[in-house]
Amino acid sequence: MDNSICVPYEEELKKNPELKESEMQALRDWCAKQPHLPKISDSELALFLHSNYYKLEPTKSTIDTFYTIRTHVPEFFANRDPVYSAELRKIFSLAAILPLEKRTKEGYTVLVGKLVDTDASNWVYNDHMKYLSMCIDLWMYENGSTNGHILLFDTAGVAIGHAARINPMGLKKFLCYLQDGLPVRLKAMHFTSMNPVMETILNMMRPFMKKELLDVLQLHSSVDTLDKFVPLDILPEEFGGKAGSIKDLHKEQIKKLQDHRDWFLEEESRARVDESKRLDKTKNASSLFGVEGSFKKLDID
């Protein structure tokens, strides 16, 4: 992957005294012996190492999972043209995904998601996850390593129509990527404005969530209980914060995605595995996630 938007490696070294050249070299040597992997920059290797608290074996696993899932889940990671994709333009109009500028007192970065149009008939889960993954990519690469990451989803407006459009396999794929492939230190996942439909969706998600993710899952009926975890003043105005309106922040974020069109197109051609060169058993969507038809569709009364 082109690392032109990545925090420079020298900056990662300054930020992280625990980042050792010997471990970086061990990773470089390991990558050189994995012909199926793409070229990975030092900035990216530092991000992978940091996210795994500088443990080498888990880092290798995260690297392989990151690129393998991106290769075998095209519904989230292919056709990510933020300017000309009709599907993306539609989902941009339905939901806001906002990496916030200010951090928590612990130095955690926060990403907020919220529906801005609650008409479920236009909503497509896979497109929403594609959009989320694009925002996370920019958030992750432009910030580089941070003390931690927080995901905050306001579920106001999530209705039965949305739940009916979610495939359990789609949930499994995204949660596998989030837990096993994404090189971030996920400190919390908050859901606010909880309602019975969102409880149903969470019940679909729980079988695919590891204990570590379940332990950092926080549910809120309103934003009132949120300020214990996230200072309200760093949030958008609609949450009682001072970060600006969701409408303005949303407009800025879409422009940012579109300004990085060339990066997204290049990422898709470069940051993928070549299964024909994998030294051990080749992987595909079935070997990663199981058989598509093995999940029952969600029954909603």
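A nonpolar core is a set of buried Ala, Val, Leu, Ile, Met, Phe, Trp, Tyr and Cys residues joined through side-chain atoms within 4.5 Å. Keep that in mind as you look at this predicted model. The largest such core here has 78 residues. Y131 and M189 have the most contacts inside this core. Helix 7, residues 125-143, gives the most to the core, with 11 residues. In soluble globular proteins, nonpolar side chains tend to be buried together.

Take M189 as an example. Neighbours within four places in sequence are left aside here. M189 is then in contact with L151, F153, L178, M205, M209, L213, V216, L217 and Q218. Apart from the largest core lies another one, of 16 residues. Its members include L98, V110, V112 and V230.

Now step back to the whole chain. The chain holds 14 helices and five strands. Its C-alpha trace spans about 50 × 45 × 40 Å along the principal axes. How does the radius of gyration of the chain agree with that of a compact globule? With 301 residues, a compact globule would have a radius near 19 Å, and the chain has 19 Å, so the two agree. Of the 301 residues, 53% count as buried. Next, consider contacts between residues with a separation of 6 or more. Residues 24 or more positions apart account for 77% of these contacts.

Next come the strands. Strand 1 covers residues 95-99. Four of its five residues are buried, so strand 1 is largely enclosed by the rest of the structure. Strand 2 covers residues 108-115. The two strands run antiparallel, and five bridges join them. One place to look is P99, whose bridge partner in strand 2 is L111. In a regular strand the side chains alternate between the two faces of the sheet.

Charged side chains are the next stop. The model has 22 salt bridges. Start with D64 and K283, which form a salt bridge with their closest N and O atoms 3.3 Å apart. This pair links distant parts of the chain, 219 residues apart. D64 sits in helix 4, residues 56-72. K283 sits in the loop between helix 13 (261-270) and helix 14 (285-289). Are the two residues buried or partly exposed? D64 has 12% relative accessibility; the cut-off for buried is under 20%, so D64 counts as buried. K283 has 29% relative accessibility, so K283 counts as partly exposed.

Compare that with R70 and D137. Their salt bridge brings the closest N and O atoms to 2.5 Å apart. R70 lies in helix 4 and D137 in helix 7, so the pair ties together parts that are 67 residues apart in sequence. Both residues are buried.

A third salt bridge joins the side chains of K255 and D259, at 2.8 Å from N to O. What separates these two residues? They lie four residues apart in helix 12 (residues 246-259), so about one helical turn separates them. K255 has a relative accessible area of 49% and is partly exposed. D259 has a relative accessible area of 54%; because exposed means over 50%, D259 counts as exposed. Salt bridges that share partners also join R70, R80, D137, E267 and R272 into one network.

Return to helix 7 for a closer look. D137 is in this helix. The relative accessible area of D137 is 0%, so D137 is buried. Which residues does D137 touch, not counting residues up to four places away in sequence? They are R70, R80, Y177 and W263. A polar contact of 2.7 Å joins the side chains of D137 and R80.

S133 is also found in helix 7. At 1% relative accessibility, S133 counts as buried. Again not counting residues up to four places away in sequence, S133 touches F76, F77 and R80. R80 thus brings three points together: R80 touches S133, makes a polar contact with D137, and belongs to the salt-bridge network.

Definitions and conventions
Residues are numbered from 1 along each chain as its sequence is written. This is a predicted model: local features need pLDDT of at least 70, side-chain atom pairs count only at pLDDT 80 or more; totals for chains, interfaces and linings use all residues. Side-chain values use heavy atoms; hydrogens and water are left out. Buried means under 20% relative accessible area, exposed over 50%, partly exposed in between (1.4 Å probe, protein chains only). Contact means heavy atoms within 4.5 Å. A salt bridge is a side-chain nitrogen of Lys or Arg within 4 Å of a carboxyl oxygen of Asp or Glu. Two strands pair if DSSP finds at least two bridges between them. A polar contact is a pair of N or O atoms within 3.5 Å; within protein, one must be able to donate a hydrogen and the other to accept it, and residues adjacent in sequence count only if both atoms are side-chain atoms. The radius of gyration is taken over C-alpha atoms; the globule rule is 2.2 Å times the number of residues to the power 0.38.
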